[in-house]
Amino acid sequence: MPASPIPKPASVKPATGKPPHARKPGEHAPIELENFLPYRLSILSNRVSQAIADDYQQRYDIGVTEWRVMAVLARFAGLSAREVAERTAMDKVAVSRALSRLVDAGRVSRHTHDNDKRRSVLDLTEAGWAIHDVVAPMARQREREVLAKLDEQERLWLNRILDKLQS
């Protein structure tokens, strides 16, 4: 569902003090969010992530951030919190909070690195793996449902385009 614009209260005047019809062409150039790539990618990401999250949030009491942390730790065991934040491209504070919740819930273990006692490393626990092994197939199924809207050629192009934009 597209985000609806937030109407301005009637008492708020435009920054120029001029009504829109009295402004010079080009005096303001508002971004057309519906055509702005970062906005469109964000909306798509939020919709897909939330559709997947709907499957696991109530069942396991984990949010999108916790799930992403768990997915990264499933793929790359023994990471530090900083490395998790880097691999997920999420805010360090959000990752730290998610890790605290996961550790407190017994889904992630935190221990010191063998060679460097100052560095803590993170791993999924058996309870974390049990959740992962149920949620990961659900996430893959949702991904298949989204990608089914594209034909094979479009899926190939989507991957090429995403790879190009991420490089």
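Analyst: Helices and strands are DSSP runs, of at least four residues for a helix and at least two for a strand, numbered from the N terminus. The model shown here is predicted.

User: How many helices and strands are there in the protein, and in what order do the elements run?

Analyst: The protein has six helices and two strands. Read from the N terminus, the order is α-α-α-α-β-β-α-α.

User: Where is the place of threonine 125, and is threonine 125 buried or exposed?

Analyst: Threonine 125 sits in the loop between strand S2 (120–124) and H5. A residue is called buried when its relative accessible area is under 20%. Threonine 125 has a relative accessibility of 19%, and therefore counts as buried. In the protein as a whole, buried residues make up 23% of the 167 residues.

User: With which residues is threonine 125 in contact, leaving aside neighbours within four places in sequence?

Analyst: Those residues are Gly106, Arg107, Val108 and Ser109. In addition, a polar atom of the threonine 125 side chain lies 2.5 Å from the backbone oxygen of glycine 106.

User: How should one read the packing of two helices?

Analyst: Two packed helices are described by the angle between their axes and by the distance between those axes. Here, helix H2 (residues 64–75) packs with helix H5 (residues 126–147) at an angle of about 100 degrees, and their axes are 10 Å apart. Angles of 65 to 115 degrees count as roughly perpendicular, so H2 is roughly perpendicular to H5.

User: Which residues of H2 and H5 meet?

Analyst: From H2, Trp67, Met70, Ala71 and Ala74 meet Gly128, Trp129, Ile131, His132, Val135 and Ala136 of H5. By class, this contact holds eight nonpolar, two polar and no charged residues.

Note on methods:
Residues numbered from 1 in each chain as written. Predicted model: local features only at pLDDT ≥ 70, side-chain atom pairs only at ≥ 80, totals over all residues. Heavy atoms only, no water. Axes fitted to C-alpha atoms, helices over the stretch in contact; angles between N-to-C directions. Parallel < 35°, antiparallel > 145°, perpendicular 65-115°, else oblique. Contact = heavy atoms within 4.5 Å. Nonpolar A, V, L, I, M, F, W, Y, C, P; charged D, E, K, R; others polar. Buried < 20%, exposed > 50% of the residue type's maximum accessible area, 1.4 Å probe, protein only. Polar contact = N/O pair within 3.5 Å; in protein donor to acceptor, adjacent residues only side chain to side chain.
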